Amino acid sequence: MKAEHKKSIREISPIDVYKLLPQTNCAECGEANCMAFATKVVNGEVFIEGCPPVLTKNYEKDLLKLQELLAPPVRVIHFGTGNSQLKIGGKHVLYRHEFTYQNPPPIAIDISDDMENEQIATRIKKVQDFSYTYIGRPLSLDALAVRSVTQNPYRYTEVIQHICELCNLPLILCSTDPNIIKAGLSACVERKPLIFAITKENWKEMGELVLDTGCPVVVSAPGDLSLLITLVRTLQEWGIEEMVLDPGTFHSDKIGQTIHLFTALRKAAVKNFDSLSGYPILGTPISVWNGPELSDDLNHWQEAYLTSMLITRYADLLIMHSIEGWALLPQLIWRFGIYTDPRKPVSVDAGIRTFGNPDKTSPVLITSNYALTYFTVESDIKTAKIDCYLIVIDTGGLSVEAAVAGRYLTAAKIAESLKEWKADTLVSHKNLIIPGLAARLSGETEEETGWRVLVGPRDSSGIGQMIRERWPPADE
Amino acid sequence: MTDQEKPDISNLIRLLGPGLGELLSGRQIELEHVEVELGELELWIPVGGISQGFPAPVAAAAKQMTPPVKRLPRPDDLISEKFLMEPDVFPAQIREITLGATRAEGGTRGSTVTVGGSTSIPFTHPQSPPPHPPVISLDVFDTRVPMPKALKNHLTEVLDDPAAWAKMNVEQFGADMVTVHLLSTDPLIQNKSPREASKTVEEVLQAVEVPLIIGGCGDPKKDAETFTEIAAMAEGERLLLNSVTSDMADAKTLEPVCKAADTHGHCLLGFTGLDLNSAKELNRRIYQYFPPERLLMDLTTVALGYGLEYSFSIHERARMAALMGDPELQHPTISACTNAWSAREAWMDLGPAFGRNDLRGPLWETIGGITLLLAGVDLFLMMHPLAVSTLRDVAGKLMHPAEIKPDMADWAALKI
């Protein structure tokens with residue numbers, strides 16, 4: 001292992017960056033001055049390449065120093081080309097609260113060359129069509145992992161050609177046989193696929209292919225980290241730079257080993273700056289399908305929770321077999337969540353939000369200022385195309401349920417907010433829609449505010465239906 | 001646990017209905033039709049990772065490859081490197097707390113559970129497994145609460161009988177503990193008296209032998225009255241009172257609750273909403289009236305999709321700070337995993353593309369639980385039997401994984 005002494009992103013101060021900037025305060029980056037820009041750089045909010053002058057010839061040496069200073073201990077690797085190119089790795093820290101995790105792990109779904117062409121087409125369509133809108137953003141799948149099951153290079157070439165005709169998804173070519181990989185590359189090398197894998201047995205032949213084509217490659221040594229970094233060291237000496245590491249994804253009774261292996265590798269990279277461990281890690285939850293389980297559902301189930309564990313514990317790229325929506329959805333949502341900025345406030349500002357073109361007869365709703373509650377409600381109101389006012393109440397950043405339980409959302413608080421935001425001047429009626437999860441506050445709220453309370457749905461997805469069916473409310 | 005004491009899996013399948021029966025049937029088939037499956041095993045054996053001797057296609061050889069970027073001489077042999085995997089050593093540890101008390105210890109429980117005692121971030125190194133497996137407590141409510149079908153299905157017969165519900169949790173779903181949520185005491189709902197609540201707890205204590213967690217309604221005054229009453233009634237049982245809050249401090253009810261819990265030998269759970277400073281502050285206030293050695297923390301569990309990442313990070317931060325020496329955070333933590341079901345993705349019919357609602361819900365609860373298990377949570381409040389059995393299974397295998405032999409990645413050529 002090659003431990004180096006380098007500053008972690010947490011130890012780099014804005015001054016360290018500022019010293020290497022032009023210090024002209026030209027503001028071409030959009031910031032007021034170089035110090036402000038430097039601060040954003042160390043916080044991971046902007047990249048150093050956002051400074052136009054430093055990209056010019058005059059600052060060539062400073063740029064190199066800056067790039068070296070800020071380089072993540074886990075390298076960034078790209079595969080695929082053009083719009084569909086994927087960027088993996090680029091990690092700085094072990095724990096999310098230390099610094100925002102960068103580059104969410106792409107999920108590749110497998111295709112095997114023993115599938116009929118039609119079956120392959122259906123599967124690709126499923127991958128491409130898979131999408132879920134989460135707080136207004138589409139979540140989707142990213143790549144295909146093409147496995148050689150027949151061991152026939154002709155069939156492999158044919159399958160890759162077929163796939164390339166159907167889609168632009170980035171590819172991972174999966175076989176430990178260099179002849180198969182060579183056959184696959186012949187049909188898609190211009191797409192810069194990721195090659196899986198170099199092993200102790202094939203490194204000489206596979207290494208030649210990697211050097212010939214310039215494609216990135218997975219180095220695989222399941223269960224043996226010493227062998228893994230031995231291979232990395234050897235390949236580095238040979239001039240191979242674009243690598244991804246496969247420490248092995250063990251499952252069932254060995255699942256604990258997988259977490260140990262992934263954690264050890266990532267710790268070596270970001271804590272000890274071991275340059276042999278400083279590459280993205282491949283997780284292969286698809287491995288569960290080699291286990292003894294005879295029930296497909298149980299395999300999907302295992303693959304699903306294992307994938308979520310690998311998203312939590314350091315996988316930078318994932319290969320899955322399941323294309324079941326119920327198994328994939330939690331992965332996409334968890335991947336989205338854990339890669340958000342941990343410093344992002346848990347809350348949004350309290351106040352009035354206006355949707356559509358509300359008038360004096362439009363509904364008035366209330367919700368909490370917990371960010372995810374707010375975004376969910378916002379997205380549901382927009383989807384339902386309702387003209388209305390939404391009063392966001394300061395609940396200390398707690399969700400409606402927690403805020404009611406913890407007395408952060410009370411009748412008094414609701415009355416105070418209606419007053420503060422002058423709800424009575426917005427509309428000519430006095431009907432207030434409160435969240436279903438705050439139903440128990442309805443009596444007290446009517447007393448405190450003098451408004452009539454309508455209890456809304458427990459989940460804001462029901463707002464549209466409620467407004468259609470119950471608005472305007474019938475007179476008592 | 002002897003075989004007889006184990007929850008009967010076929011019974012579980014029957015309870016969960018045909019969908020889950022199918023899911024679990026893999027195990028059954030394995031047990032009952034070994035010969036049949038052996039005959040079919042061929043299909044499952046991966047084709048070997050080596051070439052079967054097909055020549056490489058001519059087209060491939062002829063194809064122009066992109067020119068090499070950098071070409072150095074190939075090393076003759078592998079250059080040997082050794083990977084060193086040292087466990088982290090932390091200066092401090094989490095307090096170890098036993099919940100429940102047997103007759104010999106002054107209570108009436110048949111068993112007790114111990115949580116905490118961790119000296120490192122869990123599951124990061126084979127040499128430092130957590131000292132105790134996570135404890136799983138299953139929920140019981142003393143009044144009807146809105147509940148997704150997936151949870152209600154197997155509970156229809158016990159929904160109005162907390163004692164029978166608790167018994168079912170222990171006997172059929174293998175609960176280590178039972179949480180009795182006394183929501184009926186809420187002044188804004190049924191406003192039942194502390195005495196009535198205490199009677200419910202008494203019934204549950206008689207129905208099951210596992211330690212209990214007592215959940216309040218969230219009203220700082222009412223909970224204080226209820227907890228005080230129950231603390232005296234269940235003298236010596238080492239209940240976990242869920243929870244004490246800074247609202248109690250504001251309502252001046254914190255002191256009496258803490259003192260009652262201390263006098264009668266119970267444990268307390270301090271609840272705060274995703275904020276370590278508040279958690280520390282609340283703990284300091286509690287220490288004035290109650291021994292830290294019997295205090296646990298609930299830092300708030302948010303559902304996957306509704307901010308699980310906030311819960312995850314706050315637990316990682318708390319555990320790290322505690323192990324580095326912050327005594328105000330060296331308490332075992334609990335997670336109300338059941339909150340998973342507040343996410344619409346857990347229970348809503350999202351159409352055929354996201355189908356199998358009967359699996360998506362329990363998976364939601366499972367993933368929330370496993371994620372926080374990785375962050376160091378010690379005790380889980382749960383509901384769905386499949387989530388419970390998966391969390392328990394995974395935790396056991398994380399703590400004591402089977403040995404591995406360095407291997408080839410056989411999935412690449414696997415026939416699935």
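**View 1. Two parallel neighbours at the edge of a five-stranded sheet in chain A.** In this predicted model, Ile433(A) sits opposite Leu454(A) of β17(A). The pair belongs to a run of four bridges that ties strand β16 (residues 431–434) of chain A to β17(A), with the two strands parallel. Zoom out a little and you get an open sheet of five strands, ordered β13-β15-β14-β16-β17 (chain A), with mixed pairing. The edges are taken by β13 (351–355) and β17 (452–455) of chain A; each has a single partner strand, so one side of each has no neighbour in the sheet. From one strand to the next, the twist averages 30 degrees.

**View 2. The eight-stranded sheet of chain A.** Here the strands pair in parallel, and the open sheet reads β10-β9-β8-β7-β6-β3-β12-β11 (chain A). At its edges are β10 (243–246) and β11 (282–283) of chain A, each pairing on one side only. Look inside the sheet for strand β6 (residues 143–147) of chain A, which runs parallel to strand β7 (residues 171–174) of chain A and is joined to it by four bridges. One contact to pick out is Val146(A), whose bridge partner in β7(A) is Leu173(A).

**View 3. Helix α11 of chain A, mostly covered.** The helix covers residues 325–338, and its 14 residues should span 20 Å at 1.5 Å a residue; the end C-alpha atoms are indeed 20 Å apart. Twelve of the 14 residues are buried. Among them are the two tryptophans Trp326(A) and Trp334(A), along with Leu328(A), Leu329(A), Leu332(A) and Ile333(A). Gln331(A) and Arg335(A) are on the buried list too.

**View 4. Where chain A meets chain B.** The contact involves 105 residues of chain A and 100 residues of chain B. On the chain A side, helix α8 (residues 225–238) gives the most, with ten residues. Sorted by class, that side of chain A has 44 nonpolar, 39 polar and 22 charged residues.

**View 5. An alternating strand in chain B.** Strand β1 (residues 96–99) of chain B has side chains that take turns: Ile97(B) and Leu99(B) point to one face and are buried, while Glu96(B) and Thr98(B) point to the other and are not. That fits a general habit: in a regular strand, side chains alternate between the two faces of the sheet. β1(B) pairs with strand β2 (residues 113–116) of chain B in the antiparallel sense, over four bridges. Thr98(B) has Thr114(B) of β2(B) opposite.

**View 6. Two cis peptide bonds.** In chain A, Trp471(A) and Pro472(A) are joined by a cis peptide bond with omega about -5 degrees. Pro472(A) falls in the segment after α17 (463–470) of chain A. Chain B has a cis bond from Asn242(B) to Ser243(B), where omega is near 10 degrees. Ser243(B) is part of strand β6 (residues 240–244) of chain B.

**View 7. Two loop residues with positive phi.** Lys422(A) isn't a glycine, yet its phi is positive, near 50 degrees. You'll find Lys422(A) in the loop between α14 (411–420) and α15 (423–426) of chain A. Lys422(A) is exposed, because only 12 or fewer neighbours are allowed for that label and Lys422(A) has 9 other C-beta atoms within 10 Å. Leu274(B), also not a glycine, has a positive phi of about 50 degrees, and sits in the loop between β7 (267–271) and α11 (276–287) of chain B. Leu274(B) counts as buried, with 22 C-beta neighbours inside 10 Å.

Definitions and conventions: Residues numbered from 1 in each chain as written. Chains lettered and ligands numbered in written order. Predicted model: local features only at pLDDT ≥ 70, side-chain atom pairs only at ≥ 80, totals over all residues. Pairing = 2+ DSSP bridges. Expected span 1.5 Å × (residues − 1). Buried ≥ 20, exposed ≤ 12 C-beta atoms within 10 Å, placed from the backbone. Contact = placed C-beta atoms within 7 Å. Nonpolar A, V, L, I, M, F, W, Y, C, P; charged D, E, K, R; others polar. Axes fitted to C-alpha atoms, helices over the stretch in contact; angles between N-to-C directions.
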